[in-house]
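This report walks through one structure. Helix packing comes before the sheet, and single residues come last.

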Amino acid sequence: MPKEHFPVLLNEIISIITPLYGGTFIDCTFGHGGYTKKILELSNSKVIAIDRDKDCLKKTLEFSKNFENRFKFKNIKFSNINNLKLKNENIKGAIFDLGYSYSQIKSKEKKLSFDSTGKLNMRMGLNEFSANEVINKLSEKKLDKIFKFFGEEKNSKRIARNIIKYRNKKEINTEDLVKIIDYSKNKKKYKIHNATKVFQALRIFVNKEISELIYGLINATKVVKKNGIILVVSFHSLEDKIVKHFFKSLSEVKSISRYLPKKNESKNLLQVLNKKAIIPSSQEIEKNPPSRSAKLRYAIKKEDFYDFDTDIMDKFKYLLDVEKYSEDL
């Protein structure tokens, strides 16, 4: 993994939003500010950046100094994008990059990686609990479902069972968990590290990434103005499945709101121009190998609506139900 930060699919995103320059864009996952910097440098647009990770605050000071009145930052989750004061803002687009940066993955405090040591954590910011509590407190059945649904881990039952056995002796830390996963998989060598899927599942669960993404999409679609764009870069199949379904659901003719008269019911709320996701070029993958799993999907808001019906909660109820296991912590 490269130590330098590369904003993924930057050129593709810039080419999509260029016709909208002059308005305000919301960078929903500021991070190192790659997208924000390019937008501010290439246009007279404004950017409202948000991020749940307070570690990016130092970087925002640089942007506030260089771009003054065209840049604002809020340390909030993107699911709360609708709570920003946007009354006088001409919001032309919302950009989501759902990946983790090199600095986040290698952070000694966050401990997102299976290469970390010591007490489990995985909190990205504004969290209610850590991976330590998940692994050392939740039941075998619930751990199994977390690994199965959020990590698509085929050995989820065996791993969950061995976690329970091990933690009866001592609290499980990061190194212990990696060893348990290796043992549960009979130390077989897979194409990816044995612990990859379990650690992915834990990151998703600890940071409530499923409901974050769903509410982030819903609220971004409400705040973006007519003819504005919602863009999402995802990095694993679960995220992409949610984004694809959300865009498809609202690009079909359906009800804007159950409260409106019937004559207003049938509308294409979003327009999806690319049915297939946009993926990085071979040149970008060579320069930044982690970008190989990235997929970009975007949709244009065709109606100036603020309330709408979508079946996304029903579609992904099985994932949201697993996320509710956090109530036991």
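The crossing of helix 6 and helix 7 is right-handed. The model is predicted. Helix 6 spans residues 140–151 and helix 7 spans residues 156–167. Their axes come within 8 Å. The crossing angle is roughly 140 degrees, which makes helix 6 oblique to helix 7. Oblique applies because the angle is not over 145 degrees, where roughly antiparallel begins.

Which residues make the contact between helix 6 and helix 7? Helix 6 contributes Glu140, Leu143, Asp144, Phe147 and Lys148. Helix 7 contributes Ser156, Lys157, Ile159, Ala160, Arg161, Ile163, Ile164 and Arg167. By class, six of the contact residues are nonpolar, six are charged and one is polar.

**The sheet**

Seven strands build an open sheet with mixed pairing. Their order is 3-2-1-4-5-7-6. Strand 3 (71–74) and strand 6 (270–271) stand at the edges. Each has a single partner strand, so one side of each is left without a neighbour in the sheet.

Strand 1 covers residues 24–27 and strand 4 covers residues 91–97. These two run parallel and are joined by four bridges. Strand 1 also runs parallel to strand 2, again through four bridges. Phe25 has a bridge partner on either strand: Gly93 in strand 4 and Val47 in strand 2. Strand 2 covers residues 46–50 and is mostly covered. Four of its five residues are buried.

Strands of a sheet pair through backbone hydrogen bonds, either parallel or antiparallel.

**Helices on the sheet**

Helix 1 (residues 10–17) lies across strand 1, strand 4, strand 5 (229–234) and strand 7 (295–301). Helix 1 runs at about 170 degrees to strand 5. Helix 10 (residues 209–223) also packs on the sheet. Helix 10 touches strand 1, strand 4, strand 5, strand 6 and strand 7. The direction of helix 10 makes about 165 degrees with that of strand 4.

**Backbone phi values**

Most residues other than glycine have a negative phi, and most peptide bonds are trans. Two residues with a positive phi are listed here.

| Residue | Phi | Place |
|---|---|---|
| Leu9 | near 55 degrees | segment before helix 1 |
| Lys208 | near 50 degrees | loop between helix 9 (196–206) and helix 10 |

Leu9 is buried, with a relative accessible area of 0%.

**Two buried helix residues**

Is Gln200 buried or exposed? Gln200 lies in helix 9. Its relative accessibility is 16%, so Gln200 counts as buried; the cut-off for buried is under 20%. Gln200 touches Phe150, Gly151 and His236, leaving out residues up to four places away in sequence. Gln200 and Phe150 are 50 residues apart in sequence. In space, their C-alpha atoms are 7.2 Å apart.

Thr221 is part of helix 10. At 0% relative accessibility, Thr221 counts as buried. What does Thr221 touch, not counting residues up to four places away in sequence? The contacts are Ile230, Phe246, Leu250, Leu270, Lys301, Phe305 and Phe308.

Key
Residues numbered from 1 in each chain as written. Predicted model: local features only at pLDDT ≥ 70, side-chain atom pairs only at ≥ 80, totals over all residues. Heavy atoms only, no water. Pairing = 2+ DSSP bridges. Contact = heavy atoms within 4.5 Å. Axes fitted to C-alpha atoms, helices over the stretch in contact; angles between N-to-C directions. Parallel < 35°, antiparallel > 145°, perpendicular 65-115°, else oblique. Left-handed = near helix turned anticlockwise from the far one by under 90°. Nonpolar A, V, L, I, M, F, W, Y, C, P; charged D, E, K, R; others polar. Buried < 20%, exposed > 50% of the residue type's maximum accessible area, 1.4 Å probe, protein only.
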